[in-house]
Amino acid sequence: MPVTLQTPVNAYVGNGVTTAFAFAFLLLDPDDLIAELIAADGTVTTQTNGVDYSLTGIGNPAGGSVTFTTAPASGVRVTLRRESVLERQTDYQANGDLQSDVLDRDFDRLWLVVQELRRDLRRALKVPADASADQAVTLAAAARAGRTVVFDSSGNMAAATPYTPGTLNVSPFIETLLDDSTASAARDTLGVQRSSFGASLMQASNADAARTALGLPALLAETAADANLVHNGDGRIADRNGGVSTLNITSNLPQTQHFATLWRVYQDLPSSPSFSVSNQPLAADAAPWHPGHIRLLVNAIPTLTSTSVLAIENVVPRSASLCAAVPSPITISFWIRVNASAGSTLQFYLQASAHSYVFTATVVAANTWQLVTHTLPAESLAFMGLNDDTTRIGLIFGWSLGSGSTMRAPSANTWLSGTYFGLTGVSDVMATVGRAADITGLRIEPGSIARQG
């Protein structure tokens with residue numbers, strides 16, 4: 001019969017249920033089929049016909065099927081391939097009968113073997129057809145043990161030469177590292193354990209010891225008196241305004257309205273606005289290290305007059321620590337997120353005893369949390385943190401949403417006599433319909449280091 005072009009192998013993956021697998025090639029004899037199960041670790045188990053499986057389709061040019069006694073496990077690879085027995089069992093006699101089917105079968109077997117050789121050669125490492133040198137590793141088994149196969153300077157296959165010092169194109173120092181037989185020896189070569197620096201760093205038992213080894217200053221000690229002078233800096237506590245977490249502002253009456261503990265809205269507007277503030281105690285999109293934050297949403301802001309003001313404020317109670325800090329620097333830090341474009345300028349202020357300090361921050365990227373830190377220089381004015389005993393207010397921190405011309409400081413980054421909410425010449429980025437902003441992690445502390453971020 002004609003021998004059609006075939007690739008005498010089929011492969012499958014078991015699922016623990018299927019037992020029958022087809023093969024799509026001519027098989028002249030049951031012994032010519034090799035059925036193998038290959039586990040995930042590469043272990044190959046050859047199956048036996050009549051014991052592990054049954055076979056159909058012998059002599060059929062379209063192939064047949066193998067049915068396993070036990071379904072191959074899930075993930076096990078199943079390969080069915082033909083490996084024809086390389087022998088001719090027919091003995092043609094002189095002047096004997098020359099039967100066509102017998103002769104045809106012998107010729108068929110030759111072509112089947114050629115197909116199998118073609119299949120195997122396709123999986124072999126090959127060089128271009130015009131290569132004249134034999135590609136062979138000629139070393140005996142003992143000589144080539146433990147070596148890899150490489151191509152030499154002429155491009156011919158060879159066994160790699162084991163590494164010996166002096167044979168690689170590396171520096172003398174790396175030579176001494178490569179011949180180290182243990183990790184301990186390598187560390188000695190690198191000087192990690194012999195140097196006092198390496199020893200102290202690798203043996204550091206805590207963060208403070210590691211910072212000391214690296215030559216970094218120790219973190220300033222935090223105490224109840226001076227660690228963080230802002231209570232509820234992330235706005236999680238909402239026991240004001242009747243416990244309502246969202247405050248909708250729709251009136252233009254001059255007033256302050258609390259919406260969370262020590263947080264309030266301050267406003268003096270010519271007509272009614274429309275915006276809301278709320279505390280988000282456990283927000284999924286919270287800033288780093290702060291599970292809660294204050295959120296502002298602006299729907300409508302009236303045209304501002306010269307005396308108009310709209311701001312969000314945090315009231316910092318009087319603090320002996322803050323009073324004692326004068327005339328030392330004071331550092332304020334907090335996280336913000338605004339849907340304003342990068343480069344936009346935001347305005348913030350501190351107020352104490354009819355004095356104001358205005359500073360600005362630049363948006364790094366829209367809708368992205370960023371840490372703002374600002375250090376107020378050492379100030380000899382005794383008013384800071386020493387407000388009257390009636391209100392017991394030490395400082396007021398504010399985020400200006402908009403302010404009129406007479407409510408703006410002529411200069412930034414300095415204490416001025418007067419009550420100011422913004423800076424002359426700076427646009428009110430926050431007084432924009434559709435503006436959304438968040439703030440959290442407010443800290444005010446003596447010194448010039450912000451202990452967050």
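This passage walks through the fold, the nonpolar cores, the aromatic pairs and two strand arrangements of a predicted model.

It helps to begin with the chain as a whole. The protein chain contains seven helices and 24 strands. It has 453 residues, of which 37% count as buried. Contacts across long stretches of sequence figure strongly here: among contacts with a separation of 6 or more, 68% are between residues 24 or more positions apart. The surface exposed by the protein chain comes to about 24,100 Å², with 56% of that area supplied by carbon and sulfur atoms.

Turning to the interior, the largest nonpolar core comprises 42 residues. The residues with the most contacts inside this core are Phe259, Ile332, Phe334, Leu346, Phe348, Phe397 and Trp399. Strand β16, spanning residues 330-338, is its main contributor, giving five residues, the most to this core. Another core lies apart from it and has 14 residues, including Leu27, Leu33, Leu55 and Val76.

Aromatic rings deserve a closer look. The model holds 13 aromatic pairs. One of them joins Phe348 and Phe359, whose rings are stacked, with 5.7 Å from centre to centre and 25° between the planes. This pair links distant parts of the chain, since Phe348 sits in strand β17 (residues 345-352) and Phe359 in strand β18 (residues 355-362), 11 residues apart. Phe348 counts as buried because its relative accessibility is 0%, under the 20% limit. Phe359 also has 0% relative accessibility and therefore counts as buried. Phe348 has a further partner in Trp399: the rings of this pair are tilted, at 5.3 Å centre to centre and 40° between the planes. Here too distant parts of the chain are linked, from Phe348 in strand β17 to Trp399 in strand β20 (residues 393-403), 51 residues apart. With a relative accessibility of 3%, Trp399 counts as buried. Both pairs can be placed in a wider setting, as Phe348, Phe359 and Trp399 belong to one aromatic cluster together with Phe334, Tyr357, Phe397 and Trp415.

Phe259 of the largest core leads on to a hairpin. Strand β11 (residues 255-260) pairs with strand β12 (residues 263-268) in the antiparallel sense, over five bridges. Within this pairing, His258 stands opposite Arg264 in β12. Two residues lie between the strands of the hairpin, and Leu262 takes a positive phi near 70°.

A separate topic is the open sheet of four strands, which follow the order β1-β7-β3-β4 with antiparallel pairing. The edges are taken by β1 (9-13) and β4 (44-46); each has a single partner strand, so one side of each is left without a neighbour in the sheet. From one strand to the next, the twist averages 20°. Inside this order, strand β3 (residues 33-38) and strand β7 (residues 77-82) run antiparallel and are joined by six bridges. Glu36 stands opposite Thr79 in β7. Helix α1, covering residues 100-122, lies across β1 and β7, and its direction makes an angle of about 135° with β7.

Technical notes
Residues are numbered from 1 along each chain as its sequence is written. This is a predicted model: local features need pLDDT of at least 70, side-chain atom pairs count only at pLDDT 80 or more; totals for chains, interfaces and linings use all residues. Side-chain values use heavy atoms; hydrogens and water are left out. Rings of Phe, Tyr and Trp (its six-membered ring) pair if their centres lie within 6.5 Å; planes under 30 degrees apart count as stacked, over 60 as edge-to-face and the rest as tilted. Buried means under 20% relative accessible area, exposed over 50%, partly exposed in between (1.4 Å probe, protein chains only). Contact means heavy atoms within 4.5 Å. Accessible areas come from the Shrake-Rupley method with a 1.4 Å probe; for residues, only the protein chains shown count as cover. A nonpolar core is a set of buried Ala, Val, Leu, Ile, Met, Phe, Trp, Tyr and Cys residues joined through side-chain atoms within 4.5 Å. Two strands pair if DSSP finds at least two bridges between them. Axes are lines fitted to C-alpha atoms, for helices over the stretch in contact, and angles run from 0 to 180 degrees between N-to-C directions.
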